[in-house]
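Hi everyone, thanks for making time for this one. I'd like to walk you through a fold, sheet by sheet, so please keep the viewer open while I talk.

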Amino acid sequence: MSKRAAVALVATAMAVALTACGSGGGSGDKASGGGDKQLTVGFSQVGAESGWRTANTKSVQDAAKKAGINLKFSDAQQKQENQIKAIRSFIQQKVDVIAFSPVVESGWDTVLKEAKDAKIPVVLTDRAVDSKDESLYATFLGSDFVEEGKKAGDWLVKEYQGKTEPVNIVELQGTTGSAPANDRKSGFGDVIKGDAKFKVVASQTGDFTRAKGKEVMQAFLKSQPKIDVLYAHNDDMALGAIQAIEEAGKTPGKDIKIISVDGVKDAFTAMAASKINVVVECNPLLGDQLMELIKKVKKGETVERRIKTVEGVFTMDQAAAALPNRQY
Ligand code: GYE
């Protein structure tokens with residue numbers, strides 16, 4: 001049996017089991033008049049800017065199917081206004097739960113208040129909001145981006161241990177105002193600020209995309225006489241930058257050392273080819289955990305306010321061996 005068929009079979013079996021226990025139990029949602037009614041979840045995704053995002057979308061959609069959840073999916077194309085519109089439309093449609101990955105951190109209080117007034121619980125996934133009022137969402141499932149930035153910085157400090165010459169760093173930031181861009185920058189900055197030889201000579205957003213990563217790196221290469229290290233907030237920007245570096249006649253991974261975040265397969269391939277020196281892992285496969293949380297939140301069960309993803313760090317020498325096991 002193919003893997004897909006097996007997954008479908010398991011999903012069907014689970015759906016049958018759910019229906020069976022719903023109709024026999026009587027502990028389900030009152031509105032359905034007996035058995036557990038199918039949950040409808042509105043999910044507002046950031047966009048399709050990166051390999052990470054593509055894997056995350058697939059994980060969420062597959063997990064919803066598997067959990068028997070009716071998922072209303074909306075792609076915001078990296079625009080906050082689109083997410084606000086999507087959330088308002090979910091409220092109008094009276095979905096059971098709203099899940100979303102906020103493109104930027106600020107500016108959510110009004111729409112989240114609207115969801116709260118409509119008594120629709122909100123689950124944050126992947127990225128955080130900076131709302132002071134914690135009652136505006138039930139929980140936040142995702143990575144610790146400050147920690148990821150620190151891991152990137154730790155690698156650099158170790159790499160240049162015992163050396164005294166200045167190390168010029170250029171930084172490709174993620175989407176301006178997004179939690180991963182803010183936190184990966186600050187975590188990294190906190191670690192390297194203790195050693196004066198490290199200098200971030202240029203730092204600009206590449207919007208988490210390959211095209212922008214390449215474009216901004218081209219500009220860095222023109223404006224900066226000496227670049228030792230590139231710190232890219234995600235793999236796609238690093239992969240775009242590699243093209244720019246090669247086109248400028250330099251060797252990525254050697255002339256310019258590269259630190260990246262995410263751990264998508266393409267980055268592991270580039271790392272196995274000695275073009276990226278280190279990748280800090282950020283796991284996009286949050287779908288199953290998200291569906292579990294959504295169900296619990298809908299049932300009114302208590303859930304942890306913050307659920308962090310467990311992640312590692314991979315260096316060039318480990319890349320080839322790790323590549324076949326990468327899931328995204
Ligand atoms: O690192 C990047 C994506 O929010 C963790 O968004 C996510 C980031 C991820 O575009 O590739």
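Let's begin with a sheet of six strands, an open one, ordered 7-6-8-9-10-12 and with mixed pairing. At its edges sit strand 7, residues 198–205, and strand 12, residues 313–315, each of which pairs on one side only. Going from one strand to the next, the twist averages 15°. I should say early on that what you are looking at is a predicted model.

Now zoom in on two neighbours in that order. Strand 8, residues 229–232, pairs with strand 9, residues 257–262, in the parallel sense, and three bridges connect them. If you want a spot to click on, Val229 is opposite Lys257 of strand 9.

Which helix lies across strand 6, strand 7, strand 8 and strand 9? That is helix 6, residues 179–192. Compare its direction with that of strand 6, residues 167–173, and you get an angle of about 165°.

Okay, on to the other sheet I want to show you. Here we have six strands in an open sheet again, in the order 2-1-3-4-5-11, and this time the pairing is parallel. Strand 2, residues 70–75, and strand 11, residues 306–308, are at the edges with a single partner strand each, so each has one side with no neighbour in the sheet. The twist in this sheet averages 20° from one strand to the next.

At the strand 2 end, strand 1, residues 40–45, pairs with strand 2 in the parallel sense over six bridges. One residue to look up there is Gln45, whose bridge partner in strand 2 is Asp75.

And what packs on this sheet? Helix 10, residues 287–299, does, and it touches strand 1, strand 3 (97–100), strand 4 (122–125), strand 5 (139–142) and strand 11. The direction of helix 10 makes about 170° with that of strand 5.

Let me zoom out to finish. The protein chain has eleven helices and twelve strands in total. Of its 328 residues, 50% are buried. For those of you who think in contact maps: taking contacts with a separation of 6 or more, 73% are between residues 24 or more positions apart. Finally, for the surface people, the protein chain exposes about 15,300 Å², and carbon and sulfur atoms supply 52% of that area.

That's my tour, and I'm happy to go back to any view you'd like.

Notes:
Residues are numbered from 1 along each chain as its sequence is written. This is a predicted model: local features need pLDDT of at least 70, side-chain atom pairs count only at pLDDT 80 or more; totals for chains, interfaces and linings use all residues. Side-chain values use heavy atoms; hydrogens and water are left out. Two strands pair if DSSP finds at least two bridges between them. Helices (H or I, at least four residues) and strands (E, at least two) are DSSP runs, numbered from the N terminus. Axes are lines fitted to C-alpha atoms, for helices over the stretch in contact, and angles run from 0 to 180 degrees between N-to-C directions. Contact means heavy atoms within 4.5 Å. Buried means under 20% relative accessible area, exposed over 50%, partly exposed in between (1.4 Å probe, protein chains only). Accessible areas come from the Shrake-Rupley method with a 1.4 Å probe; for residues, only the protein chains shown count as cover.
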